[in-house]
Amino acid sequence: MAVPESLSVAQARRITLAAQGFTDPRPGGVTDLRHLRRVLRRLHLIQMDSVNVLQRAHYMPLYSRLGPYPAGLLERAAYRRPRELFEFWGHEASLIRTDLQPLFRWRMARAHEFAWGNMRRIAVEQPALVAWVLDEVRERGPITAAEIEHDAPRTKEHWGWNWSVVKQALEWLFYTGQVTAAERTTSFARRYDLPERVLPAAVLATPTPEPAEAFRALVELSARALGVAAESELRDYFRLPVQPCRQAVAELAEAGVLRPVTVPGWKTAWLHHEARLPRRVGVATLVSPFDPLIWERARTERLFGMTYRIEIYVPKPQRLYGYYVLPFLQGDRFTARVDLKAERRTGELQVPAAWLEPGADPVETASALAVELRRLAGWLGLTSVAVPERGDLTAALTSALRESPAGVP
């Protein structure tokens with residue numbers, strides 16, 4: 001459907017959901033790498049996070065768009081040859097398409113400007129340590145920070161080379177692109193190695209683009225992934241600096257790649273020229289707190305009318321909704337949010353809280369959410385779904401769970 005120059009919020013919402021892959025057909029049978037690549041062509045990167053109360057963050061965006069899929073597919077794409085993803089600072093710590101690696105070399109080159117304080121300080125104050133750590137990776141990689149620290153020199157000269165500074169040196173080398181992540185341990189620690197032993201040779205041989213060219217490419221990718229967005233949101237997707245992003249937006253607008261559209265409540269909105277406006281969205285799925293659909297919380301509020309904050313670091317008595325809360329996307333609206341925990345010892349998906357969003361029908365929402373919770377539990381290898389403990393959707397969801405089949409699909 002053609003996109004008009006003036007959009008309602010509902011139209012902007014549907015454009016966003018289509019751009020993010022929520023209107024793509026789900027696999028009808030076995031999920032394979034083709035399906036994973038389709039999602040990655042839409043998102044370009046997936047945020048990582050160490051919290052594992054339900055499932056690690058980088059597995060969830062694929063689930064939300066594909067449904068239950070073999071988690072090993074993502075492991076294969078990220079940590080087995082030929083690698084289709086690599087770890088770097090994209091949005092936050094991210095898995096990024098390997099073919100985009102040249103577009104991030106400007107960030108590696110400007111580490112003294114963008115990396116945080118401890119890393120910069122180590123590089124300036126202890127260059128011998130950084131060189132020694134790089135030699136260790138070169139000779140022994142793939143290797144973890146703890147393994148390097150265990151064999152660190154114990155002479156008076158090196159008395160301060162503990163795990164903390166070794167880790168900081170490794171993170172500096174990681175930020176500057178001198179080392180990369182070869183894999184992750186079961187405890188989620190990086191194993192570091194040299195890029196030439198990890199990344200595809202063709203990627204490393206790709207010429208480094210000029211920074212302005214890289215910024216244009218990244219802003220275009222942001223716009224493609226968001227469909228319609230404000231300038232600040234285009235910048236946030238890859239955490240780009242303000243002025244280069246602004247210049248890239250202007251150049252892409254002049255080239256016709258982006259065009260301005262009006263959306264109520266937005267100062268200026270930019271539409272990607274290939275964005276499409278679906279007539280409807282027929283999805284029903286849970287969305288991770290780290291999903292790119294809701295990265296930018298002010299955008300989430302403008303598009304969906306939902307104020308969402310992750311409350312992991314909020315003291316328990318002050319939490320409004322719960323520790324690890326996932327919004328439930330039903331059609332083109334969020335109709336509920338649920339606090340979830342995978343209790344792997346008992347095989348139970350626990351629901352500490354369930355909340356209805358304003359305007360949503362409790363019975364219809366609870367029925368769809370019960371199906372989704374059982375589907376999620378099955379994907380996680382859990383055998384049952386507990387009834388919710390608190391929240392204004394508790395009664396309706398408890399009823400829906402008891403009426404639905406007890407087995408997990």
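Begin by selecting helix α1, residues 9-19, together with helix α15, residues 297-304, which in this predicted model pack at an angle of about 125° with their axes 8 Å apart. Angles from 65 to 115 degrees count as roughly perpendicular and those over 145 as roughly antiparallel, and α1 and α15 are therefore oblique to each other.

Next, show the side chains where these two helices touch: from α1, select Val9, Ala12, Arg13, Thr16 and Leu17, and from α15, select Arg299, Arg302, Leu303 and Phe304, since these are the residues that meet. Coloured by class, this contact of α1 with α15 shows five nonpolar, one polar and three charged residues.

Now step back to the whole chain and colour its divisions, which are domain 1 (9-101 + 207-272), domain 2 (115-199) and domain 3 (309-403). Keep domain 1 and domain 3 in view, whose C-alpha centres lie 26 Å apart, and whose contact takes 17 residues from domain 1 and 18 residues from domain 3. The area buried between domain 1 and domain 3 is about 1,600 Å², with carbon and sulfur atoms giving 64% of that area.

On the domain 1 side, select Val53, Leu54 and Tyr63, which lose the most area to domain 3 and together make up 44% of what that side buries.

How many salt bridges are counted between domain 1 and domain 3? The count is one. As a last stop, select Arg13 and Asp332, whose side chains meet in a salt bridge with an N to O distance of 3.7 Å; Arg13 is also one of the α1 residues that meet α15.

Technical notes:
Residues numbered from 1 in each chain as written. Predicted model: local features only at pLDDT ≥ 70, side-chain atom pairs only at ≥ 80, totals over all residues. Heavy atoms only, no water. Axes fitted to C-alpha atoms, helices over the stretch in contact; angles between N-to-C directions. Helix = DSSP H or I, 4+ residues; strand = E, 2+ residues; numbered from the N terminus. Parallel < 35°, antiparallel > 145°, perpendicular 65-115°, else oblique. Contact = heavy atoms within 4.5 Å. Nonpolar A, V, L, I, M, F, W, Y, C, P; charged D, E, K, R; others polar. Domains from an automatic or database assignment. Buried area = accessible area lost by both parts, 1.4 Å probe. Salt bridge = Lys/Arg side-chain N within 4 Å of Asp/Glu carboxyl O.
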